[in-house]
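This briefing sets out selected features of strand pairing, helix packing and aromatic contacts for the bench biochemist. The structure is shown first, and the points follow by topic.

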Amino acid sequence: MSIEPRHPYQDASLGVDQRVEDLLSRMRPEDKAALMFQPMSSVAGLDEPGQFGMPSMGSLLAKGITHFNILYGPTARGIAEWHNTVQRTALQHPLGIPVSISSDPRHAFTNNPATALVAGPFSQWPEPLGFAAIGSPEVVRHWADTVRREYLAVGIRVALHPQIDLATEPRWSRISATFGEDAALTTRLAVAYVRGLQGERVGPESVSVMAKHFPGGGPQKDGEDPHFAYGREQVYPGDNFAYHLEPFKAVIEAGVSQMMPYYGMPVGTEFEEVGFGFNKQIITGLLREQLGYDGIVCADWGILGHTCWGVEHLSYDERMLKALDAGLDQFGGEFKTHVLVDLVKSGRLAEERLDTSVRRLLREKFRLDLFDNPFVDAERADLVVGTAQARADGLAAQAAAHVLLKNDAGPAHLPLAAPLRLYAEGLSAAAAGARATLVDTPAKADVAVLRLDAPFEDRGGPGTIEAFFRAGSLAFPDEEIERIRTICETVPTVLDIFLDRPAVLTGIAEHAAAITGNFGASDDAFVRILFGEAQPEGRLPFDLPSSMDAVTASRSDVPFDTENPLFRFGFGLRYENWTPATATVPSASPTGRGTAPAGR
């Protein structure tokens, strides 16, 4: 449905810049300020209380806010219908500015309300690390194009991804959402991802990309994450700051539309020791002036009220001023528009400063065609999202991303020969189907299969955000090593490990007959690899360290810096003389591995 033009900015025949300037001239400070906030929203009734302390959606729309980051949605049609309701409500405002809906990643296995969402009705693929293991820009572009089409069907027009940080600190809890440790590989895949979502330029069929986390969120001190005060420092003991910029330079050249700085604060560098969202040397000096970037810069979520590292001593309004002076255009996860309006009306902030950011934000809405076509076809959403072909492509990618690390001769040599008696942990009988008979003890089995997660330390209490982040030691506890070793000594054993972080496999690798690593794979995808219906095509997107001593001695900003790694970046075996086996039983089991959270 098009809006009947009453003003030049509503006339689709005019150029974007002319429409932007006309609308800007009609906006009050309150209207401009509202455009510079992007709070979170539930896909629910407009009057229901928001999550994480946010007001209701209806009250946020009444403020004139028109950018929202959505969380869970039960069905594609449900999201699309909610989106249309939101647009109709926004268009009742005198200016009729349409809403832009954004989303964290929602096409894999991660399920963390602070960072990424499990696929649900959308097609399910491996985590980005899995695409790094596959290593193909063409596969990444196809994946991103699928994401684009499914997002468009429900009204999501801004992707709060990709995360193109470099995984140089092995302990960091956010590695699964990256393309790994290597800057050159990450650069190739990041450009393909941007092209898949945006096309050659942002237009009516695009999803706008917000790349993150500038200037690179990988080199975290001790691997801790700056969602939390104990992880606020980014350090560069190898003087390797420039290495982390390489993917960002490439996506800027590719036309990436938006950029998100990280929470972290640089320590021991030439830059001010404040969070990157408050850092004028980083946003204006480096991103804007040196790299020539003129797109939207949106703060990571909650930097004014929560993750205000280096400026904790400042008041809320002082933090806002500092962030705007640094060069931010929009505040993610915030909703206090009145504070910004008061800064303008009190004379502490020039209204022209708002105009600079509002121009960028309006231009994006016009380029996405939201003013002229704000609604989606809700009845069609379920036909576009999660199609049989998209799900098949996702399942194939999950399988292909497996990395074969070890494959000794013997009964557990991969692929396994069906039928056999199988002792399995983390693998359902439904997925195994007629390929194997599951038995209840290793002693009764021909082969054991253990699906394991990379180690992590429990953090935070139940229900806290901290509990979703897998951090800390990468080594298996001694008692777990002994348990696995006992099984391996009882029966030839296959280990499949979810490598959301680079696990230390010393102590178990030498006892297993075969080892695969996955980066988010359902039981169905793994069984295809296990029985030769698909071949592991992945290569490690990072080194696997040999010990935690090697990890702690490595430099957090330097890739491939752990001494004597057990397996090196790029390693991956293949099946010998492989031809695809015929699937014995098509499985409908939804059970999957790779449910660890990633991060925004």
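Leu420 has Ala436, in strand 14, as its bridge partner. The model is a predicted one, and this strand pairing serves as the starting point for the description below.

**The sheet**

- Strand 13, residues 420-425, pairs with strand 14 in the parallel sense, over 4 bridges.
- In general, the strands of a sheet pair through backbone hydrogen bonds, in either a parallel or an antiparallel manner.
- An open sheet of 6 strands is formed in the order 12-17-16-15-13-14, and its pairing is mixed.
- At the edges stand strand 12 (403-407) and strand 14 (436-439), each of which pairs on one side only.
- On average, and with direction ignored, neighbouring strands of this sheet are turned by 25 degrees against each other.

**Helices on the strands**

- Helix 16 (residues 478-490) lies across strand 13, strand 15 (447-453) and strand 16 (493-498).
- The direction of helix 16 runs at about 160 degrees to strand 15.
- Helix 17 (residues 523-530) also packs on the sheet, where it touches strand 15, strand 16 and strand 17 (514-518).
- Relative to the direction of strand 15, that of helix 17 makes an angle of about 140 degrees.

**Packing of helix 6 and helix 7**

- The axes of helix 6 (residues 137-154) and helix 7 (residues 183-198) come within 7 Å, crossing at roughly 30 degrees.
- This crossing of helix 6 and helix 7 is right-handed.
- Helix 6 contributes Pro137, Val140, Arg141, Trp143, Ala144, Asp145, Val147 and Arg148 to the contact.
- From helix 7, the contact residues are Arg188, Leu189, Ala192, Tyr193, Arg195, Gly196 and Leu197.
- By character, the residues of this contact between helix 6 and helix 7 comprise 9 nonpolar, 1 polar and 5 charged.

**Aromatic pairs**

- Trp143 and Tyr193, both named in the helix contact, are joined with Trp125 and Phe131 in a cluster linked by ring pairs.
- The count of aromatic pairs comes to 17.
- The rings of Phe241 and Phe271 have centres 5.1 Å apart and planes at 35 degrees, and the pair is therefore tilted; planes under 30 degrees apart would count as stacked and those over 60 as edge-to-face.
- Because Phe241 lies in helix 8 (residues 241-253) and Phe271 in the loop between strand 9 (265-267) and helix 9 (280-290), the pair ties together parts that are 30 residues apart in sequence.
- Phe241 and Phe271 are both buried.

Definitions and conventions:
Residues numbered from 1 in each chain as written. Predicted model: local features only at pLDDT ≥ 70, side-chain atom pairs only at ≥ 80, totals over all residues. Heavy atoms only, no water. Axes fitted to C-alpha atoms, helices over the stretch in contact; angles between N-to-C directions. Helix = DSSP H or I, 4+ residues; strand = E, 2+ residues; numbered from the N terminus. Left-handed = near helix turned anticlockwise from the far one by under 90°. Contact = heavy atoms within 4.5 Å. Nonpolar A, V, L, I, M, F, W, Y, C, P; charged D, E, K, R; others polar. Pairing = 2+ DSSP bridges. Phe/Tyr/Trp six-rings, centres within 6.5 Å; stacked < 30°, edge-to-face > 60°. Buried < 20%, exposed > 50% of the residue type's maximum accessible area, 1.4 Å probe, protein only.
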